[in-house]
Amino acid sequence: MGPALLLCAVCLHLLLSVDALSVSGRGTDRLGGEKLLKRVRRGWMWNQFFLQEEYTGSDYQYIGKLQSDMDNGNGLVKYVLSGEGAGSVFVLDENNGDLHATRRLDREEKAFYILKATVVNKRTGLKLEPETEFTVKLHDINDNEPTFSKELYTATVPERSDIGTSVVQVTATDADDSMYGSSARLVYSISQGHPYFSVDPNTGLIRTALGPGDMDREQREHYQVVIEAKDMAGQRGGLTGTTVVNISLTDVNDNPPRFTQSIYQFRVPESSRYGSAVGRIKATDRDLGKNAEMYFSIVSGDGMDMFHISTDKDTQEGVISVSKPLDFEKKPSYTVELQVQNTQTDPRFMTQGSKDVCTVRISVEDVDEPPLFDRASYLMEVKEDAAVGLALGSVSASDPDAARSMVKYSIDRRTDMDRLFNVHPGNGSVFLLRGLDREETAWHNISVIATEFINPRQSSHVSVHIRLLDINDNAPTFATTYETFVCERTKPGQSIQTVSAVDVDEPSSGHKFFFSLAPEGTHASNFTVRDNGDNTAGILTRRASYSRLHQSVYLVPVVITDGDYPMQSSTGTLTVRVCRCDPQGNMEVCNAEALSSSPGISTGALIAILLCAVILLMLVVLFTALKRQRKQEPLIISKEDVRDNVVSYNDEGGGEEDTQAFDIGALRHPDSHPAAVALEECAAAKQRRDIIPSDTLLYCRPGHAPSMMSPVPMATATMRQDNGDVRAFINQRVLENDCNPTAPPYDSLATYAYEGAGSVAESLSSLASASSSEAEHDYHYLSDWGPRFRKLADMYGADDGDFS
């Protein structure tokens, strides 16, 4: 290949040289005037060189020769190369212009290179000609095999598809030059996958190659197809690339379900309840997913009504269950025919064999059953006045087993707590134990138990509903308590009230009441009764005027009779009050016996008022307690004054009702009132807050003494004559305690009449001496007893005028 390339380069050089002779050049005058066009001879010119890729020789690959007319062969011209790969990929002999490639080049890596060349004077280094650009192109060879976009393809196609159904398209590419020869022209073929699939040689589209009968998923589901792509248009010597395509057939509903057996047998106890499972039926379907879903049905047999079949969604099994009670004694076995089919069907594959049937035989097992009543419930009727021991009816039960065990009866006492009924244990007759009253309870519901003699654990219950029939044993009465009024001035025959009646009895034909005036009220009666005929009656006046002063209340007896047998009657009393009315007949004033319906405070309002009063009282008590918690002045300010404050707390008093706690006057004269002395002393004092004022207590504010205290001054004068000093001392202490806000509570007792035992002065009390002696006493000796008796000496040693 080397000589051929050299020959091409030389020929190209000659052509370029000839062409250069005919190319016009441009010249310019030295004076810079108008440029003149003239033909000049170009030293060299070329456009491109061609080089074959993938050179395998050991020497540098010759590309061509660069030669300039400026080269006279004297060795003064040097060729210079620049551009892409200059000096590394391409080298140029600077003396003779030979161009070589230094290594093997790949067109698929780089298809062409752009280079530049010029000639310079070796001595001066000046360019002899302008730099010229040229291209070195690589000629393609078929050195790349086709490559698919995927190494592995996955595709699906429904089973039973027609011939030519598209599956998937594969695509390959070739890195060789598609514009040069056939190196990149590809052809597809199938090397593995016959005869099921085919491939289009130009497009790479894979299609099914067999008919529906041969593409059956249940026979073969997965296929592996190998596709080849060959360049050079499939000619010999071309390169080949391959890929693998995994194709799976998707399921269609082309297979019906099939029973695994033609006959199934099951056993079920006769005691099985509704919904109890009898057995499971298995059917298979070669399809998958929804195409394998199936449902079962009972299509024939003597047990169609006794059993039911459903589909277990998880296992797709048919579950047979009981739908009605079974009885071994009546029918010991059943035979049914079952059918199975898919829930979803494909019309393309519907055939006569798309359904399957099987036979199921079910045997009923005998079990020991409880007695069975001949009815689900019983209804019995009896009159409410029935005598004790009367039979109301009977129940009947029998053992359904072949043994036919005897049955005894009893009443479930949880349903007859009052023991009103009983049942005969042998024949099941229900009778009364106690009398009944329809008006108290109209219906009685009891439960009767039937138990086997042989096996008492076997028992059953039945409900017995007993309805009491009404008899006319109650008299009618007023529907309510009637009270009305009549005006003093009225008219005879005026209706003042309409009355009605009620009856707890319930006659079948409905109530019918008759009203009349009682016989005891017919004579000299002031009112009359008019029966309205509609179970009501009107009360009418019989005279024109009534007097409240003469008689304020009238009682009208009304006889009420029902219309049933035996007839019952009662007497109701209507209260009529005489009132003064306005001209329009509206009540204005009645006597002291006001009508119960007259206006007044309602019960709700009265309760609200009482509740408010209680709350207010609680607030007052709380406020008082808080006030008492404040810091108070001590009762004894100085230890020196203990002689004046002898307080005893060992007596709890008489409680809140003890209002005489400080009535000290009773110590001297029980028949005299001590308020006379306290009234003078308490005029300007402040009343204690914990003393409740009453006519027996002292009033401390001026001008507020009650009138009953008016004779006190006379009594005071009398008392002052008897031991006035002692009385004044005691009254002063009483007054101080009563009017002191910080003193003990009013139900405490402060005693000042006794100072204790062992005193050298003995007793100072004059209570006992006051009644026996009226003589004057000299108390000046008290001044000799020391400072403890100084205040007492000042008081008793003073003249009487000091206290007036």
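## Quick briefing: a strand-rich predicted model

Of the 804 residues in this protein, 37% count as buried (under 20% relative accessible area; exposed is over 50% and partly exposed lies in between, with a 1.4 Å probe and protein chains only). This is a predicted model, where local features need pLDDT of at least 70 and side-chain atom pairs count only at pLDDT 80 or more, while totals for chains, interfaces and linings use all residues. Residues are numbered from 1 along each chain as its sequence is written, and side-chain values use heavy atoms, with hydrogens and water left out.

**The whole protein**

- The secondary structure adds up to 8 helices and 45 strands (DSSP runs numbered from the N terminus: H or I of at least four residues for helices, E of at least two for strands).
- Take the contacts (heavy atoms within 4.5 Å) between residues at least 6 apart in sequence: 66% of them join residues at least 24 apart.
- About 47,900 Å² of the protein is exposed, and carbon and sulfur atoms supply 52% of that area (Shrake-Rupley method, 1.4 Å probe).

**A four-stranded sheet**

- One open sheet has 4 strands in the order 29-36-35-32, with mixed pairing (two strands pair if DSSP finds at least two bridges between them).
- Its edges are strand 29 (377-383) and strand 32 (407-411), each of which pairs on one side only.
- On average, neighbouring strands here are turned by 30° against each other, direction ignored (axes are lines fitted to C-alpha atoms, with angles from 0 to 180 degrees between N-to-C directions).
- Strands 29 and 36 (residues 459-469) run parallel and are joined by 7 bridges; Ser377 has Ser463 of strand 36 as its bridge partner.

**Strand 3 and its partner**

- In a regular strand, side chains alternate between the two faces of the sheet.
- Strand 3 (residues 48-52) shows this alternation: Phe49 and Leu51 point to one face and are buried, whereas Gln48, Phe50 and Gln52 point to the other and are not.
- Strand 3 runs parallel to strand 9 (residues 132-139), with 5 bridges joining the two.
- Leu51 has Leu138 of strand 9 as its bridge partner.

**Zooming in on Thr208**

- Thr208 sits in strand 16 (residues 205-208).
- Thr208 counts as buried because its relative accessibility is 3%.
- A polar atom of the Thr208 side chain lies 2.8 Å from the backbone oxygen of Asp162.
- Beyond its neighbours within four places in sequence, Thr208 is in contact with residues including Val157, Asp162, Ile163, Tyr196 and Phe197.

Conventions
A polar contact is a pair of N or O atoms within 3.5 Å; within protein, one must be able to donate a hydrogen and the other to accept it, and residues adjacent in sequence count only if both atoms are side-chain atoms.
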